[in-house]
Amino acid sequence: MAIAHTQPGGDIHHGRRVLVLWLAISAIVTPIAVFVVGPLIPPGNGSVQAEGQVFDNQVLIGVSAPIIVFVLVMLGYTLIVFHQRDAVLEGPPVRGDSRLQLWWIVITSVTVLGLAAFGTYELVKDGAGGGQGPSATFLPSNHNQAMDVQVIGQQWEFTYRYPTYGGLETPHLYLPADTLIRLHVTSLDVVHSFWAVNLGVKADANPGTDNVVYVQTKHPLALNIRCSELCGLWHGYMFDGQGRVVSQSEFASWIKQQQALYGPVLKYLPPYSTTYSPEPQLRAG
Amino acid sequence: MSEGSTATSARPLWRRLIGFNLLLAVVLGVAGWYLGWYIGKHATATSLSYFGDTDQNDISVFLGYTLGVVGFLIGLGFLQYPLARLRGYPPSLREKETEGIGRYFGLCTDHKVVGIQYFFGIGFFFAVGGLNAMLIRFELLRPTPVFNSGNYLTLVGLHGTMMMGMMTSAILGPFANYFVPIMIGARRMAFPRIESFTFWLLMAAGTILLTTVFFGGFPTGWTGYGPLNDQANYGMDAYIMFFALVGVSMCLLGMNMLATVVTMRAPGMTWSRLPIFVWGVVSTSILNLLAAPVLIAALAMGLLDRTAQTTFFISSGGGSQYLYENLFWFFGHPEVYILALPGFAVLLEILPVFSRKPLWGYRLAVAGMLGVTLLSFLVWQHHLFMSGINSNLRPFYMLSTELISIPTGFTFLCGLMTLWRGSIRFTVPMLFALAWFFNFLIGGLSGIFNSDTPSDTTEHGSFFVMAHFHYTIMGGLIFTFFAAIYFWLPKMTGLELNERLGKIHFWSMFLAFNSTFLPLFVVGFKGMPRRVVTYAPNLQFLNDWASVSAFVLGLSMLVFLGNLVYSLLFARVRAERNPWESLSIEWQLPSPVPVQNFDRIPTFESDPYGYGDGAVPVARPAGAPATGS
């Protein structure tokens, strides 16, 4: 048993050193990550839901930062201090440490359960801007005062219908500021996904399905709307930068203008409904 | 030219080209295609007149592919043995030729030959998928399109499908087939003909996917969502056929591995002495066996939608796109762990060898892999967070997804603690294994963002997700794939790989990989969806950065290819029997391993991780200094 088990300086408390390094670096990095980097993460403050997501990301990045620092400090320290100095050196025959394993399991489990509980709270509060299907369960408190707007996806554009204004259909999305909106997302052909980037809204547009999203708008805003589910040939062109969140008075005058413009064609459209059943499609492109 | 031609019988070359081999397989495969096409054309034109509604005939395409595959397999000789048995001949392993280069080009039941076949076969399709990636990044150099939209989508689809389909066997194919029987002390796999079948089926599948370019490609990406898959042109049939055959291959491979490990372990090879690599293979095989059939079912419905005009996925006909999404992701999420778990296995197998320390927390590492296996079946609807399906179950899927990070954390703990106080050697395979820690850390933590539904609202379907799974799959699987190559290829070929080129390959690949995918997280957050041919001009700088880095990444692959060609064809330095001083049994055998593996079946008295306690002697070539005592 003449094996040299330990590297030079084997009596140093390596574990304590790593712990101190980790705590020190985390104490610097985590606040920077949360309070400097966190607020920069989109989608920004375009809606209450978007703000909720930013807060959510701040918490997640605050939890991730110490984990990243831990693994990197541990790895870096190990690789520098324990690299082989002599070709015959072997490591100590340690095969485990049940106390450390138990602590690791407890700490990771608590972290994960905490994150899941936090995420659930943030989701249940107001739906967090995600599509909820025909019967939404995670509702904002004032959901029965919401204004309905329908989003219809088809290859390769979105159109919008306003049931409270006689089923008016427009090519661009206009929303009043400071209003709770209930978006009904559906599709006429394949699966699309309605993504209003700076509103923090995303919902798949499925044929035959009414996918509901709640979003509470805040201040006037230029919207950036994209399709985020591959929907065929011109998917890359299915975007629209002309939508707006406008003040309530501006919205009222915009509606009047649109009614004058598109009112005459309303009678050719199918009556407003949560889903539409177009002619069975023939194969194309 | 090769050693094989002098060693085999005196039959002239032209005579040896006739028979059941790759040549006949290709001839019969092409003949089968035309036969199927012809039958389909005539059957549908006359008897099923309502197909006249469309100008397409998917039936003849599917029949062509099916008969083509059947012809290909007959040409390789897969019917020989069943027919011989039907006529009363005794069972044999006649296809296990002992020598000759020809055995690499046909049906061979030697698991070591199949391993090498897999290595080069998979390598070819990996290169094709990689070239597609280069073209995708070329297109994204500019916000305005360079290729036409359809060609771009085909490139994206080919890249994704090729990688997700073929690379499922990246480690199980070459390395598990070669080393699992050796590690457990067996002379062969449980089902050697099925082993060869999985390989040739995969090659047929890959070729079929490439034929999609003759039919205009397919617009759906690797997910193949309905009803878009019904709307798509002929090229879609290649996708469906490809993935179904890959599914069959995966399922059989998993079954074969499980049967081998369960039934063929040598005396003393108890479950608690199984090398951790074999445990990883077992976990992956369970996923293969249980997940792949669901994919095949989903694709069969897609096939019927396209040929028999059923409406499984078409809501106006009473079907639902949710059905496809559910089935696909019930396969699709275990699929990503089919890609990740072999990475864990290779990592934990390599770390003890180069830290000169036993694997730390063996039971915890096994529990981690089996935990990932179990949980990966419970998370699939996180791919559908925004789809509106079962929206009040989202907290459950959020929880189950985040729970996976607990068993994944076991791998981190066991890996880090194996290194801790070790005597670490920075060899090329060790460098690739160490890169896993960094890559999978980023990949795993970005996965926490994706699993959190509110945070996922913005990330879903964007480049953020794309960067996330490239970190887990490329950073987790492909890096350990190369670790396995540098680690085990000297044993498989008996030839050393050049170390200097290996280190250049590692550093260029590691830096270029991170430089490619880190900016793409930001691109996703800034609103760039996946699979778009155009993007907002303000994202051009980051996209250009990623593209240039991706080209460097591509060049690093050329360094590897150069290393392979140089080391195997030109330098041809004989590898030592045990260059890494490993205690595992495959390193105590000659390089390359002889046909029967062992003179006699070995008896195991410990696991292969007894480093540092001097109890197990490290087998060394004569003349080298001993480690201790």
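Okay, quick opener: in what order do the four strands of the open sheet in chain A come? Keep that in mind while I remind everyone that this is a predicted model.

So, the order is E7-E6-E10-E11, and the pairing is antiparallel. If you want to find the edges on your screen, look for strand E7, residues 201-205, and strand E11, residues 239-240, of chain A, since each of them pairs on one side only. Further in, strand E6, residues 192-196, pairs with strand E10, residues 225-227, and those two strands of chain A run antiparallel over three bridges. If you like a residue to click on, take A:Trp195, which stands opposite A:Arg226 in E10(A).

Now zoom out to the domains of chain A. The assignment gives two of them: domain 1 is 14-85 plus 101-129, and domain 2 is 143-268. Their C-alpha centres sit 36 Å apart. They do touch, though, with 12 residues of domain 1 of chain A and 13 residues of domain 2 of chain A in the contact. On the domain 1 side, helix H2 of chain A, residues 48-81, brings the largest share, namely four residues. That side is made up of eight polar residues, three nonpolar and one charged.

Right, over to chain B. What does its secondary structure come to? We get 21 helices and zero strands. The radius of gyration of chain B is 25 Å, close to the 25 Å from the globule rule for 629 residues, so chain B is as compact as a globular protein of that length. Along the principal axes, its C-alpha trace spans about 80 × 60 × 45 Å. Of the 629 residues in chain B, 59% count as buried. And for the contact-map people: take contacts in chain B between residues at least 6 apart in sequence, and 82% of them join residues at least 24 apart.

Last bit, the interface. How many residues does each chain put into the contact between A and B? Chain B gives 82 and chain A gives 87. Several helices of chain B supply at least two residues each to the side that touches chain A, among them helix H7 (149-166), helix H13 (321-355) and helix H17 (428-451). The one that gives the most is H16(B), with seven residues. By class, this side of chain B has 36 nonpolar and 36 polar residues, plus 10 charged ones.

That's my tour; happy to scroll back to any of it.

Terms used
Residues numbered from 1 in each chain as written. Chains lettered and ligands numbered in written order. Predicted model: local features only at pLDDT ≥ 70, side-chain atom pairs only at ≥ 80, totals over all residues. Domains from an automatic or database assignment. Contact = placed C-beta atoms within 7 Å. Nonpolar A, V, L, I, M, F, W, Y, C, P; charged D, E, K, R; others polar. Rg over C-alpha atoms; globule rule 2.2 N^0.38 Å. Buried ≥ 20, exposed ≤ 12 C-beta atoms within 10 Å, placed from the backbone. Pairing = 2+ DSSP bridges.
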